[in-house]
Amino acid sequence: MQIELSPDDIETIIREADAAAQRLRRKLCLPLCEREDLGQDLLVDLLRRLPAYDPSRGSIGAFANIVLRNQSSRIAMRHHRQRRAQGGSLLSLEVPLAGAHEPVGNTLTEDDGLAAWHGQTCCAAAVTELHHALRAALARLPAEDRRFCAALVHRPVTALVAEGFGSRSALYRRLADLRHVLTAHGLGPAWDDLAAA
């Protein structure tokens with residue numbers, strides 16, 4: 001069904017979409033730059049559903065408000081799912097780290113490394129301590145396990161299976177056992193950080 005919209009109707013739709021984007025941005029604690037993208041997502045969804053509008057049932061503003069509210073809920077649920085999957089935080093260079101006001105992208109340089117760009121510790125002293133802890137723990141492993149760890153640094157498990165390190169399930173069991181051995185050698189928290197990376 002084709003809907004004819006007056007200039008006032010178009011202005012109402014745009015105003016409602018803009019207000020909904022602003023509310024959603026605040027609700028999700030997103031940076032200001034996200035408002036425009038949210039507004040476009042909401043407006044596109046509203047225009048797609050506009051053929052369902054029946055003027056005899058209410059004003060265009062009321063229809064737009066209901067459609068925008070429902071789409072805002074869907075976008076909010078999608079954001080919450082993403083945040084849960086990422087450990088409760090956003091992976092965005094536009095978002096400040098906990099306790100900071102400046103976005104991550106403004107505080108990092110290319111020399112900070114990949115971990116820093118993913119919101120992890122980029123302190124040189126912590127990296128050095130981790131390096132020494134890794135070296136000490138790996139030195140205590142048998143030669144076969146050291147060779148396995150070295151191979152894991154450069155190749156995925158599927159490649160190691162093809163190279164004869166063992167079956168896929170055996171390699172994952174060996175990894176689980178290595179976790180306990182490395183924890184016993186004092187690498188527990190560092191290992192967890194590496195797993196989270």
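This briefing describes helix 1, two nonpolar cores, two aromatic pairs and a few single residues of the structure above. The model is predicted. The largest nonpolar core has 19 residues, and helix 1, helix 2 and helix 3 each give two or more residues to this core. Apart from it lies another core, of 13 residues.

**Helix 1 and the residue after it**

- Helix 1 covers residues 7–28, which makes 22 residues. From first C-alpha to last, helix 1 reaches 32 Å, close to the 32 Å expected at 1.5 Å a residue.
- The buried residues of helix 1 are Thr-12, Ile-13, Glu-16, Ala-17, Ala-20, Ala-21, Gln-22, Leu-24, Arg-25 and Leu-28.
- These buried residues pack against helix 2, residues 34–49, and helix 3, residues 60–85.
- Just after helix 1 comes Cys-29, in the loop between helix 1 and helix 2.
- Phi of Cys-29 is near 55°, a positive value in a residue other than glycine. Most residues other than glycine have a negative phi.
- Cys-29 counts as exposed because its relative accessibility is 62%, and exposed means over 50%.

**The largest nonpolar core**

- Within the core of 19 residues, those with the most contacts are Leu-24, Leu-38, Leu-42, Leu-46, Leu-50, Phe-63 and Leu-68.
- Helix 3 gives the most to this core, with seven residues.
- Leu-68 lies in helix 3 and counts as buried at 2% relative accessibility.
- Leaving aside neighbours within four places in sequence, Leu-68 is in contact with Glu-16, Ala-17, Ala-20, Leu-42 and Leu-46.
- Leu-68 and Glu-16 are 52 residues apart along the chain, yet their C-alpha atoms are separated by 7.9 Å.
- Leu-42, again leaving aside neighbours within four places in sequence, is in contact with Ala-17, Ala-20, Ala-21, Leu-68, Gln-71, Ser-72 and Ile-75.
- Gln-71, one of the residues in contact with Leu-42, lies in helix 3. Gln-71 counts as buried at 12% relative accessibility.
- With neighbours within four places set aside, Gln-71 is in contact with Leu-42 and Asp-45.

**The other core**

- The residues of the core of 13 include Leu-141, Leu-160, Phe-165 and Leu-182.

**Aromatic pairs**

- The count of aromatic pairs comes to two.
- In one pair, the rings of Tyr-53 and Phe-63 have their centres 5.4 Å apart and their planes at 55°. This angle is neither under 30 degrees nor over 60, so the pair is tilted.
- The pair links distant parts of the chain, with Tyr-53 in the loop between helix 2 and helix 3 and Phe-63 in helix 3, 10 residues apart.
- Tyr-53 counts as buried at 10% relative accessibility. Phe-63 is buried too, with a relative accessible area of 18%.
- In the pair of Phe-148 and Phe-165, the ring centres are 6.2 Å apart and the planes are at 45°, so this pair is tilted.
- This pair also links distant parts of the chain: Phe-148 is in helix 7, residues 143–154, and Phe-165 is in the loop between helix 8, residues 157–162, and helix 9, 17 residues apart.
- Both Phe-148 and Phe-165 are buried.

**Arg-174 and its surroundings**

- Arg-174 is found in helix 9, residues 168–196.
- Arg-174 has a relative accessible area of 18%. Buried means under 20%, so Arg-174 is buried.
- Leaving aside neighbours within four places in sequence, Arg-174 is in contact with Glu-144, Asp-145, Phe-148 and Phe-165.
- The side chains of Arg-174 and Asp-145 are joined by a polar contact of 3.5 Å.
- The charged end of Arg-174 sits over the ring of Phe-148, 4.3 Å from the ring centre.
- Arg-174 is thus in contact with both Phe-148 and Phe-165, the two residues whose rings form a tilted pair.

Note on methods. Residues are numbered from 1 along each chain as its sequence is written. This is a predicted model: local features need pLDDT of at least 70, side-chain atom pairs count only at pLDDT 80 or more; totals for chains, interfaces and linings use all residues. Side-chain values use heavy atoms; hydrogens and water are left out. Helices (H or I, at least four residues) and strands (E, at least two) are DSSP runs, numbered from the N terminus. Buried means under 20% relative accessible area, exposed over 50%, partly exposed in between (1.4 Å probe, protein chains only). A polar contact is a pair of N or O atoms within 3.5 Å; within protein, one must be able to donate a hydrogen and the other to accept it, and residues adjacent in sequence count only if both atoms are side-chain atoms. Contact means heavy atoms within 4.5 Å. The expected span of a helix is 1.5 Å times one less than its number of residues. Rings of Phe, Tyr and Trp (its six-membered ring) pair if their centres lie within 6.5 Å; planes under 30 degrees apart count as stacked, over 60 as edge-to-face and the rest as tilted. A charge sits over a ring if NZ of Lys or CZ of Arg is within 6 Å of the ring centre and within 35 degrees of the ring normal. A nonpolar core is a set of buried Ala, Val, Leu, Ile, Met, Phe, Trp, Tyr and Cys residues joined through side-chain atoms within 4.5 Å.
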